[in-house]
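The following note was prepared for a colleague who wishes to review the strand architecture of this entry. Please read it alongside the sequence and coordinates shown here.

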Amino acid sequence: MLAASAAFVGLASLLPSAFAQAQAPAQKPQMVENCPGLVASNRPRATPAALRLALNADQVRFTYVGHSTFLIESPQLVRIATDYNDYVRSPILPDIVTMNHAHTSHFTDRPDPAIKYVLRGWGPTPDRPARHDITLKDVRVRNVPTNIRDWRGGTERHGNSIFIYEMANMCIAHLGHLHHTLNQQQLY
């Protein structure tokens, strides 16, 4: 037992030097931050979702609802559900829902009529992509149309969207089902 403990301590002492040798990849020139507040540079603030504490002006609450749905809450309690669907519903009625139609578990044709904004990531035709840019209290939600694969292995042009949520001096992007490399115009 003593030998096993010594081996574990010896192995554990090697790990920090292995991690110190790993370096972050160089930033690509086309990946320029255009949204306020780079979230990855800040330390994460964990708050158990069950406590429902009031948020500071620089905080956002994420709650995993299930499957692909997250509930995002702003400091002024604007509530957004991502990939809103008929399978998994938030216990709190969202003010805004975003959907993509890569799979039936990521959208619904029957959203609750009490939801203020239902934002579909696809437009009526490939030539008319979805265009959203709304503001509700302290939240702005906009989209960037993207393509998805169709069931025949081809491409459905403008069949989905990246949704961008701006709140609490942060810019949060939900990529949804991104099936292609973004071009320069989509990055800005």
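The points below treat the two sheets in turn and then a surface patch.

1. Status of the model. The structure under discussion is a predicted model. Residue numbers count from 1 along each chain as its sequence is written.

2. First sheet, overall layout. An open sheet is built from 5 strands, arranged in the order 1-2-3-4-5, and its pairing is mixed. Strand 1 (61–66) and strand 5 (117–120) occupy the edges; each has a single partner strand, so one side of each lacks a neighbour in the sheet. From one strand to the next, the twist averages 20 degrees.

3. First sheet, strands 1 and 2. Strand 1 pairs with strand 2 (residues 69–73) in the antiparallel sense, through 5 bridges. Within this pairing, Leu71 of strand 2 is the residue opposite Thr63. The two strands form a hairpin with 2 residues between them, and His67 adopts a positive phi near 50 degrees in this hairpin.

4. First sheet, strands 4 and 5. Strand 4 (residues 96–99) and strand 5 run parallel and are joined by 4 bridges. As an example of the register, Ile96 has Tyr117 in strand 5 as its bridge partner. The parallel run of strands 4 and 5 and the antiparallel pairing of strands 1 and 2 both belong to the sheet described as mixed.

5. Second sheet, overall layout. A further open sheet contains 4 strands in the order 6-7-8-9, with antiparallel pairing. Strand 6 (133–136) and strand 9 (170–174) are the edge strands, and each pairs on one side only. Neighbouring strands in this sheet are turned against each other by 25 degrees on average, with direction ignored.

6. Second sheet, strands 7 and 8. Strand 7 (residues 139–149) and strand 8 (residues 155–167) run antiparallel and are connected by 9 bridges. Here Ile148 lies opposite Glu156 of strand 8.

7. Surface patch. Which residues form a nonpolar patch on the surface? The patch consists of Phe62, Tyr64 and Phe70, which together have about 330 Å² of accessible area. Phe62 is located in strand 1, an edge strand of the first sheet.

8. Exposure of Phe62. Is Phe62 buried, partly exposed or exposed? Its relative accessibility is 45%. Because the partly exposed class lies between the limits of 20% and 50%, Phe62 counts as partly exposed.

Technical notes: Predicted model: local features only at pLDDT ≥ 70, side-chain atom pairs only at ≥ 80, totals over all residues. Heavy atoms only, no water. Pairing = 2+ DSSP bridges. Axes fitted to C-alpha atoms, helices over the stretch in contact; angles between N-to-C directions. Patch = residues over 30% accessible without salt bridge, like charges linked within 9 Å, V, L, I, M, F, W, Y side chains within 5 Å. Areas by Shrake-Rupley, 256 points an atom, 1.4 Å probe, with all protein chains shown as cover. Salt bridge = Lys/Arg side-chain N within 4 Å of Asp/Glu carboxyl O. Buried < 20%, exposed > 50% of the residue type's maximum accessible area, 1.4 Å probe, protein only.
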